[in-house]
Amino acid sequence: MARPSSMHVAVVGAGIVGAAAAHFLAAAGTRVTVLDASGPAAGATGASDGAVSVASKRPGPMMELARHARAFYGQLEAEGVFHGLFHRRSTFLIAQNALEAELVSQHGADLAQAGERVIAVARAELMNRIPGLGEGVTAALEIPDDGHALGYQITSRLLQRSGIVVRRRASVSEIVVRDGHAVGVALAGEILSADAVLVAAGIGSAHLLNLGDILIPRKGQMIVTDRASTGRPAIDGHLMGASYLAAKRGIVLDRSHIGLVIDPLVTGQFLLGGSREDNRSDHRTDAVTVSAILRAALELYPPLGARRVVRTFAGVRTASRDGLPIIGRHPHVDGLVVATGFEGDGICLGPFMGESAARMILDRPLAADLSMLTPSRFARAEACQ
Ligand SMILES: Cc1cc2nc3c(=O)[nH]c(=O)nc-3n(C[C@H](O)[C@H](O)[C@H](O)COP(=O)(O)OP(=O)(O)OC[C@H]3O[C@@H](n4cnc5c(N)ncnc54)[C@H](O)[C@@H]3O)c2cc1C
């Protein structure tokens, strides 16, 4: 592979992962072209919540990686890169019946085992911290070291800091491979030559890499309220219902397909979510799902009844068949790196994963073991060709 200073890398996708990779490649002196079928943050990154949360992760590698990723946010904030964009706040894991209390307690034990600070909060104290919380709340754990960042703001900052101008409306139709090496990308009427290619195209990666039976679109609908406070979050932490933990841990608590989060934004608004609708890649919101989210949210935090709904939106997560992201060198094509499948965790993981993808392209050692995420775990005759 060429030396960084003389190397040209084509990054397909200007979501948070592609933008982060491009930022760190540029910082290493590499020439980068970022191409997006639409524009920066046009995919899941621009239609998501922004929990930079270890509390929400499945035990095992995802919890471990989220700890690295959240620390990376802290580092970039301290270095000024994310100044004003990354906000630290607690996550409260909340149970409303005995079954949920058991799940929350198990999840808290798993978090503590992973090295996370976990604090049991008595009901009276919780009511004091978050006045108005529903009568049905039976148990809560506080995870005090989580944070929040908006994906589109992070994406924009990363691109702007490295002076990268994204090529918009540049839909890549194919990775050009010669003698087993990626040598560029094909767009309408054009071949863009490159020494290496990163595919960070979210659900668009399925078509480019023949991952159609491995990547699953998972739609999520969300609701935005008006401001309950001005210039600061309306409540003292992010509320995460046990239904959200259940969804992440692959447990079916009910049939609503809602994993409830009540996210107090720094604007004073609430972001309420969200649905998990498999094999749906449209961006429509519907009254049945929106009312199910509102019902669950009002039960947990009745003061929301005084709020106005100002917007609903839907985004499409890219899930993988085994529930883990896919990041690593392509098993059969040199100079091709893949970074997709971040499902509902890509705002948290994105900067760290983008930086890791840049290291892979530059052939530099990684800051964490990502071997369990390698694309070659799916390598079969028909996949990743
Ligand atoms: C409702 C919802 C809530 C979420 N909440 C959270 C949360 O609280 N915390 C968290 O960590 N994560 C959350 N996520 C997940 C997070 O948004 C994603 O994991 C993350 O944004 C994925 O980033 P990405 O860069 O991999 O992909 P994307 O943001 O999807 O970017 C891919 C880009 O590639 C472009 N593209 C696609 N195909 C092509 C092509 N052929 N040629 C050129 N460009 C192409 C697209 O236009 C797009 O801009 C949420 C997601 C949703 C939908």
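Asn-279 is exposed in this predicted model, with a relative accessible area of 60%. You will find Asn-279 in the loop between β17 (277–278) and α8 (287–300). Although Asn-279 is not a glycine, its phi is positive, at about 60 degrees.

Asp-179 invites a similar look. Is Asp-179 buried or exposed? With a relative accessible area of 79%, Asp-179 counts as exposed, because the cut-off for that word is over 50%. Asp-179 sits in the loop between β9 (174–178) and β10 (181–187), and here too a residue other than glycine has a positive phi, near 50 degrees.

While you are looking at the backbone, try strand β16 (residues 270–275), where Gly-274 has its place. The peptide bond leading from Gly-273 to Gly-274 is cis, and its omega is near -25 degrees.

Now for the ligand. Its surroundings comprise 39 residues, of which Asp-36, Thr-45, Ala-51, Glu-343 and Cys-348 come nearest. By type, the shell divides into 20 nonpolar, 14 polar and 5 charged residues. Backbone atoms of the protein also approach the ligand, as the table shows.

| Residue (backbone atom) | Ligand atom | Distance |
|---|---|---|
| Ala-37 | nitrogen | 2.9 Å |
| Ala-44 | oxygen | 3.1 Å |
| Ile-347 | oxygen | 2.9 Å |

On its own, the ligand has 1,000 Å² of accessible area, and the protein covers 92% of this. Which elements give two or more residues to the shell around the ligand? They are α1 (16–27), β13 (215–225), β18 (309–320) and α9 (346–362).

Why does the ligand lie between two domains? Both domain 1 (4–45 + 152–212 + 322–378) and domain 2 (90–145 + 215–320) give residues to the shell around the ligand, so the ligand lies between them.

Finally, there is an open sheet to trace. Strands of a sheet pair through backbone hydrogen bonds, either parallel or antiparallel. Here 3 strands run in the order β3-β8-β4, with antiparallel pairing. At the edges are β3 (51–52) and β4 (87–88), each of which pairs on one side only. Between β3 and strand β8 (residues 147–148), the antiparallel pairing extends over 2 bridges. One place to pick up this pairing is Val-52, whose bridge partner in β8 is Gly-147.

Note on methods
Residues are numbered from 1 along each chain as its sequence is written. This is a predicted model: local features need pLDDT of at least 70, side-chain atom pairs count only at pLDDT 80 or more; totals for chains, interfaces and linings use all residues. Side-chain values use heavy atoms; hydrogens and water are left out. A residue is near a molecule or strand if one of its heavy atoms lies within 4 Å of it. A polar contact is a pair of N or O atoms within 3.5 Å; within protein, one must be able to donate a hydrogen and the other to accept it, and residues adjacent in sequence count only if both atoms are side-chain atoms. Accessible areas come from the Shrake-Rupley method with a 1.4 Å probe; for residues, only the protein chains shown count as cover. Helices (H or I, at least four residues) and strands (E, at least two) are DSSP runs, numbered from the N terminus. Ala, Val, Leu, Ile, Met, Phe, Trp, Tyr, Cys and Pro count as nonpolar, Asp, Glu, Lys and Arg as charged, and the others, Gly among them, as polar. Domain bounds come from an automatic or database domain assignment. Two strands pair if DSSP finds at least two bridges between them. Buried means under 20% relative accessible area, exposed over 50%, partly exposed in between (1.4 Å probe, protein chains only).
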